[in-house]
Protein chains: 6
Amino acid sequence: MSRIWVINPNTTRAMTSTIEACARAVAGQGTEITGVTSEFGPPSIESHYDEAMSVPGLLDAIRRGEDQGVDGYVIACFGDPGLDAARELARGPVIGIAEAAMHTASHLGRGFSVVTTLARTMGRAADLAEHYGMHRFCRGIHACEIAVLDLDTDPDARKIITEACREALETDDSDAIVLGCAGMADMCAAISADLGVPVIDGVAAATLTVQSLITLGLQTSTRGEFAAPPEKQYTQRSMC
Amino acid sequence: MSRIWVINPNTTRAMTSTIEACARAVAGQGTEITGVTSEFGPPSIESHYDEAMSVPGLLDAIRRGEDQGVDGYVIACFGDPGLDAARELARGPVIGIAEAAMHTASHLGRGFSVVTTLARTMGRAADLAEHYGMHRFCRGIHACEIAVLDLDTDPDARKIITEACREALETDDSDAIVLGCAGMADMCAAISADLGVPVIDGVAAATLTVQSLITLGLQTSTRGEFAAPPEKQYTQRSMC
Amino acid sequence: MSRIWVINPNTTRAMTSTIEACARAVAGQGTEITGVTSEFGPPSIESHYDEAMSVPGLLDAIRRGEDQGVDGYVIACFGDPGLDAARELARGPVIGIAEAAMHTASHLGRGFSVVTTLARTMGRAADLAEHYGMHRFCRGIHACEIAVLDLDTDPDARKIITEACREALETDDSDAIVLGCAGMADMCAAISADLGVPVIDGVAAATLTVQSLITLGLQTSTRGEFAAPPEKQYTQRSMC
Amino acid sequence: MSRIWVINPNTTRAMTSTIEACARAVAGQGTEITGVTSEFGPPSIESHYDEAMSVPGLLDAIRRGEDQGVDGYVIACFGDPGLDAARELARGPVIGIAEAAMHTASHLGRGFSVVTTLARTMGRAADLAEHYGMHRFCRGIHACEIAVLDLDTDPDARKIITEACREALETDDSDAIVLGCAGMADMCAAISADLGVPVIDGVAAATLTVQSLITLGLQTSTRGEFAAPPEKQYTQRSMC
Amino acid sequence: MSRIWVINPNTTRAMTSTIEACARAVAGQGTEITGVTSEFGPPSIESHYDEAMSVPGLLDAIRRGEDQGVDGYVIACFGDPGLDAARELARGPVIGIAEAAMHTASHLGRGFSVVTTLARTMGRAADLAEHYGMHRFCRGIHACEIAVLDLDTDPDARKIITEACREALETDDSDAIVLGCAGMADMCAAISADLGVPVIDGVAAATLTVQSLITLGLQTSTRGEFAAPPEKQYTQRSMC
Amino acid sequence: MSRIWVINPNTTRAMTSTIEACARAVAGQGTEITGVTSEFGPPSIESHYDEAMSVPGLLDAIRRGEDQGVDGYVIACFGDPGLDAARELARGPVIGIAEAAMHTASHLGRGFSVVTTLARTMGRAADLAEHYGMHRFCRGIHACEIAVLDLDTDPDARKIITEACREALETDDSDAIVLGCAGMADMCAAISADLGVPVIDGVAAATLTVQSLITLGLQTSTRGEFAAPPEKQYTQRSMC
């Protein structure tokens, strides 16, 4: 039995529940999935500032996971916050959901479109696409302008997102859709059914990528850049 | 239960056995793996000519698989021959072992080195790395100059390959090794143990990539380029 | 006197006649042009599958040409099928019509547009543009949605293609048009006259590229990747 | 009079003094330079983990600067930590020292080499070079394997770094050197004198870049991605 | 006191006055700015031909500057004519206004749009963006179709350019505007005020870049390509 | 009968003779070749300054050619000076020898090496390779450090260049050699015979490229950037 933590790097527990369910729905019999909510940081991640401030909470969760011998991790936010640092801390593989979703989409056609929440996060998605070598497949990044925490509560959310996906397919002449937020994970099947193209949720994709790496016995290389970071005495924020 | 065919696009059955075993060793409980040998074409693939001539046999196998309702396919040659055409024929996902190995390696560090058989195949590997967006991770491609069918019989093969991997790590300052031939699949664990870095065999990696795509319910998009090819009356080669 | 074979890699002889005429119209006095029809394979090439299945017939033609001491070859299909393999087999130069057309267009302005037959072939054209380094000049690839074998029979074909070219020039703000199918070769002059921009037919362009290479005494390098492929015993397709 | 804060995102005050002095040495008469030490986080930044953990302290300093009406900021660590987030928080320009140094070097020749501290930080420098469009000028990244806090105390530091620079010039055939750590700022002139090529210290370069932007009346665009982040209630780390 | 020559490489003295004023408006107290008009060549630069023919006049001005010990130079035409050659001649730094404007814009957001004069100059701007590594930031190049010498006399010029900038921001979804002609330098502040985004004039930007390089003690590297050119006896154009 | 001018953009007539002979040796029966020496400018081109100063003389020659109805032009210097401007002036095609040589080499293998004269010209060759899309084929640029005008007089020139080519093939693992100076044109066959790989002389290659374009009836597009430049009153250099 291998254990994977699917870490929600924001502090909203309801979102962790959705994420955990989506991960469990695809995990194999030998895999135990645990949804983990970041203990401090922003309630949702919608700016570079939010993302930067979510990283210490995420890394704190990774440290706890390492203490408990967790085998691999999913970072369940489409900005893949803290991925490089997490790889230094964890023995086992760590995969971001943007990373997994984009790689997965590249196997299914020549080009995909990303549909995300707020337009201001599009730049980060573009950076990640390039960083992973996936910009040659990423034909466009589109925003539906629904805030992360409204994905659950806005009754029209799925409809708006579906229409944004439909437009993206036309505009970009793409083959598949990547959903650009962990909070959209549970809409994946319905949107795919509506549009008749592959729609990729990064939470499920990343869960299986981590599971596969564990099965293959593969861990982040410690030969150079991703070796454990040198131990240091950190100054804590004073609280007063 | 889902069924995956791992197709060896050359006609050497012994190699299929090795490949099948490596695929089975990592497949999940709900996955049935069948190794399939191409019924016609070259006994090994070591030139653009060999590769081109292997494709009809591979596509013939895909057609047979489709008749039998196979859920997904691995193309078990590091040149990923016929991948685009196979995706047009198959309903389910089709993954090449170079594709899977390179994507997998990109999750484990900043750069990988490929170690392949004959130097004349290095160009094809470079083409594929670029095609998949993986050239930014692929720091070098190296040949051990052992012919494909000698991998099994040359008693020094594993030692020579291990040394080539060691040199590649140094020369390229890379984090991981990608083995550049399906015939090296069974050496993967030993080389990794010797070198202390992740070593990726594409056969195992591709098997899990296909399995994951099936679990995710994802198939090649038929929206455009990869829709089923138009039916045509082909002229057969006359045999006399 | 040097001899160039212009090989039509589909089996439609009428198309070979058109191609041969276009090649002859530009060849120099010391060059003998022979149009050669592939003896087996698809009647037209409109999918990755068609293209893959056309390659053995093409390579068979190259082998026959080599037996007869042919000096150079044009592959007269815009997908440039089997080009790398053909270069391994042939002593003299081998040029694809997409290759020649794109290179030629790059000498005439900052950017060109490709106008091809079916939209599903656009991906292949994009791959080739990148492979030849011509994507920086290729500003767009457009389809007229006329099937290859209808180019000859559809009375509106030339008009439709001309309009597609006109739109492409506007959309892409490009300087020249590349015709994306050997079957359009005989429309080249008329479309150029209509539009007032350079329009490039790859058949004529490739014929002169091969002729030039022969005049220069240049052949495909055999130093590495494109040396003659190792001889092997191939398994033939059983016919029953 | 305009005010620029040069923020050292690690907690080592001695390093801030060096940095502040280097910034002051180049600032114009109308510019007031203040060196600011991060109030919490790592004592030096030598891993992705260190860098991630330095960002909240850096952003806290930016917030304080905004409260005081500071006109622009330098992030004085060669990993340019938190740059995107800082740009969301600050009204005035924010420049990283890697950013400034690389841009500056690109004005002085065709290629530069970076010489940094520990090899494990080379990956981050490469990421930044690409992000800024400077990888076409960056011919190599080299490590001298002196830890950041030893730059001051190791009596051989300057000599070792000078030799690393000399080797880098030869290996990369480059025109200039970029020093890859704020802690090397005070060695810049001496190394340049020794080697006879331009040597760029990012602290001085970034100070003048910020000063120039202020003079030009230019601020980070708030049209999209870098608008002020949405206000949110953050969960604080519990301290017990 | 350092001396910077801002060279207008066309022969229109009125344009030099505007340029000189814009440069002086931003220069520091220790910097003396001199506007210099090219003594021979075209009255404005609006083609590759104009640009090529402006270079000898520009280089002649640089030679005179060197005789007088000038510390640095701005080439005040958005095609940055003769930049590489000027760097060979000058001891101090030489910066083109396209170079400076694009680098500056890259510090202020993810993407900028260029708005230039005639459409036929857009290709040159694209070449420069790539050459400087700035094409990843340059989201579009747009023409207002006002000839260079009409910028001053056309009463609607500023309005037309402002509208072109507004459209460019929308079309490209960019963060900032780069003005693509030295003749637009004096419109910069007004357009920025109208549009609410950073608008960059290369004359001012380049002046401060040169000033900063002088302050930093940095000169073009003479290690290789940009060493002083070998002395030769040139044949002069016969005048009869 | 079509007429091609092969313009030597330096003023050394002996070099023009060599160039003219190499062009004539490959031209077809219907082509008349004229070697033209630039009437003013540098005696050889070995710096950015030389190159810039050679352009007016080259363009003057093009103007004379246009007056005489010349059908196409070769610019016979490996820096391809003034190519864009020449295309504006000439009705017929204009090809640079670096352009033609690199394109030609790309048809013969996966990668070529350039061997040029002085190291200081390597940067220009790299710029051109990128500009033409040929940098993916250009594996290295090497200098033999023989000055252009010594190519004829140094008795060891051919031997030194041959050795530089041999080393380049090894270092770059390339398939072919591009000779990086018009002054090497007459050594091409001998070096190829010595090394057993294709060696490309740009003078011959460009001559046939121009001849082919003329045969194809293709001219530089005048749709946009390369239309005739607007007429202007140029200020002449005063001679006193």
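This text walks through the interface of chain B and chain C in a predicted model.

Local features need pLDDT of at least 70, side-chain atom pairs count only at pLDDT 80 or more, and totals for chains, interfaces and linings use all residues. Residues are numbered from 1 along each chain as its sequence is written, chains are lettered from A in the order in which they are written, and side-chain values use heavy atoms, without hydrogens and water.

Start with the contacts, meaning heavy atoms within 4.5 Å. Chain B uses 44 residues to touch 44 residues of chain C. The two chains bury about 3,800 Å² between them. Buried area is the accessible area (1.4 Å probe) that two parts lose on being put together, summed over both. Carbon and sulfur atoms carry 56% of that area. On the chain B side, Y49(B), R120(B) and Y234(B) supply 20% of what chain B buries here, more than any other three residues.

Now the polar part. The interface holds 8 salt bridges (a side-chain nitrogen of Lys or Arg within 4 Å of a carboxyl oxygen of Asp or Glu). One of them pairs K232(B) with E46(C), at 2.8 Å from N to O.

Which helices of chain B each supply at least two residues of the side that touches chain C? They are α2 (48-67), α3 (83-89) and α5 (122-131); helices are DSSP runs (H or I, at least four residues), numbered from the N terminus. α2(B) gives the most, with 10 residues.

Other chain pairs stay apart. Chain B and chain E do not touch, with nearest C-alpha atoms 17 Å apart. No contact joins chain A and chain F, and their closest C-alpha atoms lie 17 Å apart.
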